[in-house]
Amino acid sequence: MEEWIIDKINEKGKMSKEEILNEINQRKKQFPELTEDAILRMLATENGIIPIKRDYKINEINQRINHVNLSAKIKRKFPPRTVTVKGREARVMNFVVEDETGEIPVVTWNENYIDKIMGSKDGENISIANAYSKENPFNGMIELNLGSGSAISVNSNTIQKKEETKTEYKKIRDIKDGETADINGFITRLFSDDIYLIRCNICKKKVDVECDIHKDKALSKTLRIRGILDDGVYSSSITFFDRQADALLKLSQSQEIKDKLNDISFGLYQVDVNAKMNKFNDNYSLTARKIGKTEYSLEA
Ligand SMILES: [Zn+2]
């Protein structure tokens, strides 16, 4: 399993490492088709962590990794060499960077980067964005490669991380057909009937109990909870599938879904939800893509 995701969840202070591992084991019983890693990623998402690692320390770069951001110092430079590749001359340069955890060789074929590095002094700070690492086939060492999608910045920290943008919520009536938007509102009703969508995987049709042709050979059952989302101005029907339903109801900690839904239909959920709009005439219909913060309270 990816330890760093466990650490991240743990850093958020919500769950201890032991609790995380217990939760994974519990969900494993509930979702036997998922790997432990997938469940861990699900947990991370629920805890507001985007489980994609980008920022690395040098000692963590020990295999092929496609997206590496690194802050380090230039330790040593080797003069660029001119080599002939497929009949054309090109320059390639090697240099070594270090941070508090170690050092790693870097390779670049990019003329601009070669000039930038040549113009730098040893000991200067370097920020590298979107490099990739791989094993050098000749010496077996892991090196960092600066490709066409990479960026470097020497002696400054000008490669800025994307600023976290504040969510802008849209009103239901302003969301166009086919648009995906963030909405903040209340779930005023959840329907406890018909909570599974059953499909025949061979003919891809929705079926009630089983497929006329294929019987129960290839049925898939998807959790689908429908409700009404109200933003204070308009309301719309909204559907939560699988993980979104799970996130909404925190099913994993739960009693039976039906009981839970019956309890909840007396309460109010305040949610931040990213959803896709489908409008048919004047009927609004949303499909939840991602659930942010939820707050559940019983109606006064
Ligand atoms: Zn069928």
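In this predicted model, strand S5 and strand S6 (residues 142–146) pair in the antiparallel sense, and 4 bridges hold the pairing together on paper. Along this pairing, Lys 134 of the one strand stands opposite Glu 143 in S6. The two strands S5 and S6 also form a hairpin, with 6 residues between them, and in the turn Gly 140 has a positive phi of about 75 degrees.

Strand S5 (residues 125–135) has further partners, for it runs antiparallel to strand S1 (residues 65–77), to which 6 bridges join it, and it is likewise antiparallel to strand S7 (residues 151–154), with 4 bridges between them. The table sets out these pairings, each with a pair of residues that face one another.

| Strands | Bridges | Residue pair |
|---|---|---|
| S1 and S5, antiparallel | 6 bridges | Leu 70 and Ile 128 |
| S5 and S7, antiparallel | 4 bridges | Ser 127 and Ser 153 |
| S5 and S6, antiparallel | 4 bridges | Lys 134 and Glu 143 |

The helices come next. Two packed helices are described by the angle between their axes and the distance between the axes. For helix H2 (residues 17–30) and helix H3 (residues 36–46), the axes come within 10 Å and cross at roughly 115 degrees, and the crossing in which H2 passes H3 is right-handed. On the side of H2, the residues that meet H3 are Ile 20, Glu 23, Ile 24, Arg 27 and Lys 28, while H3 contributes Glu 36, Ile 39, Leu 40 and Leu 43. Sorted by character, the residues of this contact comprise 5 nonpolar and 4 charged ones, with no polar residue among them.

Terms used
Residues are numbered from 1 along each chain as its sequence is written. This is a predicted model: local features need pLDDT of at least 70, side-chain atom pairs count only at pLDDT 80 or more; totals for chains, interfaces and linings use all residues. Two strands pair if DSSP finds at least two bridges between them. Axes are lines fitted to C-alpha atoms, for helices over the stretch in contact, and angles run from 0 to 180 degrees between N-to-C directions. A crossing is left-handed if the near helix is turned anticlockwise from the far one by less than a right angle, and right-handed if clockwise. Two residues are in contact if their C-beta atoms, placed from the backbone, lie within 7 Å. Ala, Val, Leu, Ile, Met, Phe, Trp, Tyr, Cys and Pro count as nonpolar, Asp, Glu, Lys and Arg as charged, and the others, Gly among them, as polar.
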